[in-house]
Each structure stands twice: as structure tokens, then as C-alpha cells.
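User: Could you walk me through this model, one question at a time? I would like the value and the reasoning behind each answer.

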Amino acid sequence: MKTTLALLFCLALTCQLQAMNIKNATLVLLKDAPKKGAMCLDGSPPGYYIRHGMDSGSNKWILHMEGGAWCYNSKDCYNRSQTDLGSSKSWPKNTALNGFLSDNKKINPDFYNWNIVYLMYCDGASFASNWEFERMYKDKPLYYKGFKILKAILDDLLGNGMKNASDVILTGCSAGGLATYLHADFVHSYLPSGIKYKAFADAGYILDIPNIAGEPLFQMAAMALFYTQNVSGGVDQDCIKAEVEVDWWKCFFAPYSFKYIQSPIFVLNSQYDVEQLKGILELPCLPPDCTPQQLEIFHKFQKDFEEQLQPAINSTGSGVFIDSCLVHCQTLWDDTWDSFSVGGQTIRETFADWYFERSSEKTKEVDCAVWPCNPTCKGVHPFPPQQLL
């Protein structure tokens, strides 16, 4: 189970982005940040990739928070600290970006010339870990500093032009999508007043459900993560204030914490999210290779998703795009960003209409419920096996 969870939600990893044939973004390492308490799990400096905007997009910014699962206990986090998701020692100098982050005007006509910042993820708790001092595992220090990393990156960006921004969008997918929910209001509060700010969470609406055996294993893992990494100080503080201490872990789940988000936010998710089906529900198949009994469980997941999505559906000012495709992240690939459709509109069109307030009618799109009912999903599933881990 822990191996499955440790591999969950990794579609946004740098190694996959490098294979995309789009103009590269350049790495910026914050070499002085560890002196101020901001560092990756292994103590190495945090950083981000940036591709500068131009022309009408020169004062507009997209901040994308990288995904890549979580670590749940000291052993998990130590193992993670030996990888690019816990250390900056092997990060390449450049990486490539697609979809919502693309500089291709045909694929991304509304945002192609914006400043793009790809925040590297190296704490293991969606930029929310918050221990003041190092924690030891086998005589090795581990640094749970995700929230300080977020602050350090924001400070650096504000000092390098973002303080003059007209627009800022906070986004992310998978564990980065969850981070978008967790930090939407904090980032908003950290920016100068007068900036147009909205958030865009992709594949981060993660359900609190048991696996097919009825065991709440993911909930238990999330609780362990919450206390191992001292996450209470790095999540939405309105949620923390509202919940009793024994339930603070709920503030790490979007279905519980969504109602506390004050900033405008757009929810993008599949109601058949393959990573939740495989990693949380632990369904051992994906259609069409399922038994009738397994298909019943598969469709029950959609019902659970629909039920837990209600805070977003009922919120005022939020945008929603929920499709029925067998997919996880959808903003980082051209084909998903610009071809999946619900209500006659693509993800790109629906988000842009919401962001620019072009339409008040088609900003909450929820797909048909029974898979396979959306023909625009064809030809995308299955992803290569490494992208399902």
C-alpha cells in the first residue's frame, strides 16, 4: 500500500516534462534560501524554472506548483530525499513546458506569452511542511520546510519583477493541484494589492474514501503525513481555526477545506481520476478490463466524487470543469488541454472564459456520469504505464 501511495500522483515530474518539445524554461536555484530556513528535504536549496513573458504578457504571471505524491513518515521522507522530489542536487538546468504552460499560441492562445514559473516540489507535503528544526532519521537530518520554500520563492519572484504584475494565476496538478487549494489564499495575501489573482487547481480534488476492502488507508496515511511534517502551520488557517485539533488533518483534503477558500478558484478534475482509482481506491483494473463487480465499484467512485464535489459546485464565483475521461493531470499536455470537451467547450476555452469573465453561463461544466460517455476522451487513455504511477 505504501509503495503505491508513494508513487501516486506523479504525472507532473520533471523527467516527463523534459520529453516535451517546447521552448525550455531555465532553473533558478535559491542558494541563500537555506540560510533563511528554506531547503529541500536533504538540505539542498529550493528553486524554480522560469520562462519570461513578452509583449502583452510581460506583466502577467502563472505560478505552477509541481506535483509528485507525498511522503508519509520519516522512512518515506528519507527515501524521497534521495530523489529529485526531495533534493535539488540533480535538477537539470532547463525543462520544457506544454499545455497551459505552453508558449505555442495555437495551443495556448490566451496565456502563451505570460511569465511562467514552475515551482519545484521537494518537501513531500504539497509545500505545507513546517517544522522549525531538522528531524533526524538514522542519524541523517531531514528538513520539512515546504511552507518556507513557498515563501522564499515568492519573495524572490517579487524582487525580480512580479511585484509589478497585473495578473497572477496560481496553479498546479496532482500534489501541486492540492497545494493550489491549500495555499490559494496565502499566496493571494502575499501579493501586492491591486493584482488580478485567481487559482486553478488540476487533479488535486482528492477524495477521503476507503479502498475497495473498506479500509481507510489513504486517510490514515494522510494523517501520518500531517503530523510527521507538522503541516498544521502550512495549510489554510481558517480551516485550522474552524476544526477541532483532532480533525486538523481534514484541512489537507480539498473536499473539507474548499469552503474556507476566499480567493476565486477554478476546479479541474476527472470524476474517474485514474490515480485515485488505482492508488486510493486500489481498484486492480481500468475499463474495459474490469469484471462486472469491479465496474460497479468503478461507478461508485464517480458517485462519491460527485457527492464530495458539492462544496465547489455550490460555491459562488468558482469555475468548474469535471470530465469523465480516464486521466489524471490535464493542464500539462496539449491534447488534454485543448481537446477534452464538456458542454461543447474545451478545458482551455472554459477556463479562459471564467478567468477573463467572457461568459457567466459556461463556467461550471460537469460531464455525463457513466463512462464511456464522452467521445472527446477517445484516443487518450491509456497513458504509457510510467504515467500511471
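**Disulfides, a cavity and some backbone details**

User: Happy to start at a cysteine: does C368 count as buried, exposed or partly exposed?

Analyst: C368 has a relative accessibility of 30%. Please keep in mind that this is a predicted model, where local features need pLDDT of at least 70 and side-chain atom pairs count only at pLDDT 80 or more, while totals for chains, interfaces and linings use all residues. Residues are numbered from 1 along each chain as its sequence is written, and side-chain values use heavy atoms, leaving out hydrogens and water. Since buried means under 20% relative accessible area, exposed over 50% and partly exposed in between (1.4 Å probe, protein chains only), C368 counts as partly exposed.

User: Which residue does a disulfide join to C368?

Analyst: A disulfide is taken as a pair of cysteine sulfur atoms within 2.5 Å. C368 has such a link, with an S to S distance of 2.1 Å and 95° about the S-S bond, a right-handed link. The other cysteine is partly exposed because its relative accessible area is 28%. That partner is C373.

User: How many disulfides does a search of the whole structure find?

Analyst: As a reminder, a disulfide is a covalent bond between the sulfur atoms of two cysteines. The link of C368 and C373 is one example, and C239 to C251 is another. Over the whole structure, the number found is 7.

User: What is the handedness of the C239 and C251 disulfide?

Analyst: The sulfur atoms of C239 and C251 are 2.1 Å apart. The torsion about their S-S bond is about -90°, so the disulfide is left-handed.

User: How many residues apart in sequence are the parts that C239 and C251 tie together?

Analyst: Helices (H or I, at least four residues) and strands (E, at least two) are DSSP runs, numbered from the N terminus. C239 is in helix α7 (residues 237–242), and C251 is in the loop between α7 and α8 (254–257). C239 is buried at 0% relative accessibility, and C251 is buried with a relative accessible area of 0%. The disulfide of C239 and C251 therefore ties together parts whose separation in sequence is 12 residues.

User: And how many residues apart in sequence are the parts tied together by C325 and C377?

Analyst: C325 and C377 form a disulfide with sulfur atoms 1.9 Å apart, and at -70° about the S-S bond the link is left-handed. C325 lies in the loop between β11 (319–323) and α12 (334–339), while C377 is in the segment after β14 (364–366), so the parts tied together are apart in sequence by 52 residues.

User: Is C377 buried or exposed?

Analyst: Its disulfide partner, C325, is buried, with a relative accessible area of 1%. C377 has 12% relative accessibility, so the class for C377 is buried.

User: Which helix gives the most to the lining of the largest cavity?

Analyst: A cavity is a set of points on a 1 Å grid over the protein atoms alone where a 1.4 Å probe fits but cannot get out, and lining residues have an atom within 4 Å of a point. The structure holds 1 cavity of 30 Å³ or more, and the largest has about 60 Å³ of space, a volume being the space filled by probe spheres set on points joined across faces, edges and corners. The lining includes W70, Y72, L178 and F218. The top contribution, 3 residues, comes from helix α6 (residues 217–228).

User: Which side chain does the side chain of S174 make a polar contact with?

Analyst: S174 sits in the loop between β8 (167–173) and α5 (175–190), and S174 is buried because its relative accessible area is 0%. A polar contact is a pair of N or O atoms within 3.5 Å; within protein, one must be able to donate a hydrogen and the other to accept it, and residues adjacent in sequence count only if both atoms are side-chain atoms. At 2.9 Å, the side chain that S174 contacts is that of H328.

User: Where does P288 lie?

Analyst: A cis peptide bond joins P287 and P288, with omega of about 10°. P288 lies in the loop between α9 (274–279) and α10 (292–308).

Terms used:
1 Å grid on protein atoms, 1.4 Å probe; cavity = no way out; pocket = protein on both sides within 12 Å on 5 of 7 lines; lining within 4 Å.
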